[in-house]
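Q: Could you take a close look at a single part of this model, and set out how that part relates to its surroundings? I would like a connected account, with the details at the level of residues and atoms.

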Amino acid sequence: MILVTGATGNIGGELVTVLSESGTQVRALVRDPATATLPAGVAAVTGDLNRPETMTDALDGVGALFLLPGYDNQADLLDRAKKAGVQRIVQLSSASAALQDMDNAVSRYMTLSERAVRESELAWTFLRPRSFMSNALRWLPQLAVGDVVRVQFPDVRVGAIDPADIAAVAALALTGDDLDGRILELTGPQALRPADQIAVLATLLNRQLVAHGLTTAETKAELEATMPQHYVDAFLSFFADGTLDEETLYPTVQDVTGRAPRTFEQWAHAHAADFAH
Ligand SMILES: NC(=O)c1ccc[n+]([C@@H]2O[C@H](COP(=O)([O-])OP(=O)(O)OC[C@H]3O[C@@H](n4cnc5c(N)ncnc54)[C@H](OP(=O)(O)O)[C@@H]3O)[C@@H](O)[C@H]2O)c1
């Protein structure tokens, strides 16, 4: 049995689908079964990662665990997982774990999550994806009201990755031992600026979209409206100060899955319905 955390989210949603379609026994962790939307046939179990004591039913009979990063008491959760018989952890992480920058709130929680898994002495695989292609969905409110899209960090190229590719790699790591002990740097096939992604969406939607690059001060103000200051500082450090390289591309998805990672164009076409409003 595989337990997938974040099963209602971008990665976990793709992962429960790929696992259930391949006939693997999978259980989806949700906090509220009344509101959770899951693929047909995927069983839900309730638990809260911030409260490991709520995870007893979820962990029962589980052999491998797909784990989101950054929750409280992760060492306690891993201890409970081990006692319940879990043998393998596939830890979602990010490129920023490599920085091990404990003054950066995002790098810090990624680093601490990986460290807790190492210290658990369970078998592990760390997935370090670059920004998700699904982050483009944050432009939906702007697309609903006009053709000018205000974009943050306009000059930064990112090897953004399709969540489905992260899920494909995660599924292999969860169901065999070939990827045990591996740190997998996961990128898409191209390093694109926000304006390049907007151009793809313009073609898809047959609209004259224009990307309007925000200054760093404007980006800071936008971020401050949506997240705590320590995360604002983290993203400014990554993408305004340039402490994080998300531009370099890696062949990992091809090497691990045997097929090329999906382009942003492919991702956008697969999610065209989300943009058709
Ligand atoms: N976006 C990026 O570019 C990027 C890049 C690298 C790494 N990451 C990392 O990816 C993670 C987000 O993954 P995602 O985009 O797949 O998720 P997501 O779409 O943001 O959804 C969040 C998921 O986390 C679950 N969740 C939230 N709090 C929880 C809790 N206390 N206990 C149990 N489950 C909880 C939610 O479940 P409910 O249904 O219960 O709400 C939901 O399934 C973040 O840790 C982020 O740092 C993101």
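A: What follows is a description of helix α4 and its surroundings, with some other parts of the model added for context.

The model is a predicted one, and the values below are computed from its atoms.

Helix α4 runs over residues 105-120. The length of α4 can be checked against its residue count: at 1.5 Å a residue, its 16 residues should span 22 Å, and because the C-alpha atoms at its ends are 23 Å apart, the two values agree.

The approach to α4 is a loop that comes from β5, and Asn 104 is found in this loop. Asn 104 has a relative accessible area of 3% and is therefore buried, the cut-off being under 20%. At the start of the helix, a side-chain oxygen of Asn 104 comes to within 3.0 Å of the backbone nitrogen of Val 106. The side chain of Asn 104 also reaches the backbone nitrogen of Ser 107, again at 3.0 Å. Leaving aside residues up to four places away in sequence, Asn 104 touches Ala 234, Ser 237 and Phe 238. The loop between β5 and α4 also holds Gln 100, whose phi is near 45 degrees, a positive value in a residue other than glycine.

Ser 107, whose backbone nitrogen is reached by Asn 104, lies in α4 itself. With a relative accessibility of 0%, Ser 107 counts as buried. A polar atom of the side chain of Ser 107 is 2.8 Å from the backbone oxygen of Ser 96. Once residues up to four places away in sequence are set aside, the residues that Ser 107 touches are Ser 96, Leu 99, Gln 100, Asp 101 and Phe 238. Phe 238 is thus in contact with Ser 107 and also with Asn 104.

Along the helix, the buried residues of α4 are Ala 105, Val 106, Ser 107, Met 110, Thr 111, Ser 113, Glu 114, Ala 116, Val 117 and Ser 120. An α-helix has 3.6 residues a turn, so residues three or four places apart point the same way. The buried residues of α4 pack against two helices, α3 (74-83) and α9 (229-239), and against two strands, β5 (88-92) and β6 (123-129). After the helix comes Glu 121, which has a positive phi, near 65 degrees.

One of these partners, α3, is preceded by a loop from β4 (64-67), and Asn 73 is found in that loop. Phi of Asn 73 is also positive, near 55 degrees, in a residue other than glycine. Asn 73 is partly exposed, because its relative accessible area of 48% falls between the limits of 20% and 50%.

The helix also takes part in the surroundings of the ligand. Both α4 and α1 (10-21) supply at least two residues each to the shell around the ligand. Of the 24 residues in that shell, those that come nearest are Thr 8, Ile 11, Arg 31, Asp 48 and Tyr 109. By type, the shell divides into 12 nonpolar, nine polar and three charged residues. Among the polar contacts, an oxygen atom of the ligand is 2.5 Å from a side-chain N or O atom of Thr 8, and an oxygen atom of the ligand is 2.7 Å from such an atom in the side chain of Arg 31. A further ligand oxygen contact, at 2.9 Å, is made with an N or O atom in the side chain of Asn 135. The ligand on its own has 920 Å² of accessible area, of which the protein covers 76%.

Ile 11, among the shell residues that come nearest to the ligand, is also touched by Ile 166. Ile 166 sits in helix α6, residues 163-175, and is buried, with a relative accessible area of 0%. Its other contacts, not counting residues up to four places away in sequence, include Leu 92, Leu 127 and Pro 129.

Helix α7 (residues 194-205) can be read in the manner used for α4: its 12 residues should span 16 Å at 1.5 Å a residue, and its end C-alpha atoms are 16 Å apart, which agrees. The buried residues of α7, among them Pro 194, Ile 198 and Leu 205, pack against β7 (148-151), β9 (210-213), α11 (264-270) and α12 (272-275). Just after α7, Asn 206 takes a positive phi of about 55 degrees.

Terms used. Residues are numbered from 1 along each chain as its sequence is written. This is a predicted model: local features need pLDDT of at least 70, side-chain atom pairs count only at pLDDT 80 or more; totals for chains, interfaces and linings use all residues. Side-chain values use heavy atoms; hydrogens and water are left out. A residue is near a molecule or strand if one of its heavy atoms lies within 4 Å of it. A polar contact is a pair of N or O atoms within 3.5 Å; within protein, one must be able to donate a hydrogen and the other to accept it, and residues adjacent in sequence count only if both atoms are side-chain atoms. Accessible areas come from the Shrake-Rupley method with a 1.4 Å probe; for residues, only the protein chains shown count as cover. Helices (H or I, at least four residues) and strands (E, at least two) are DSSP runs, numbered from the N terminus. Ala, Val, Leu, Ile, Met, Phe, Trp, Tyr, Cys and Pro count as nonpolar, Asp, Glu, Lys and Arg as charged, and the others, Gly among them, as polar. The expected span of a helix is 1.5 Å times one less than its number of residues. Buried means under 20% relative accessible area, exposed over 50%, partly exposed in between (1.4 Å probe, protein chains only). Contact means heavy atoms within 4.5 Å.
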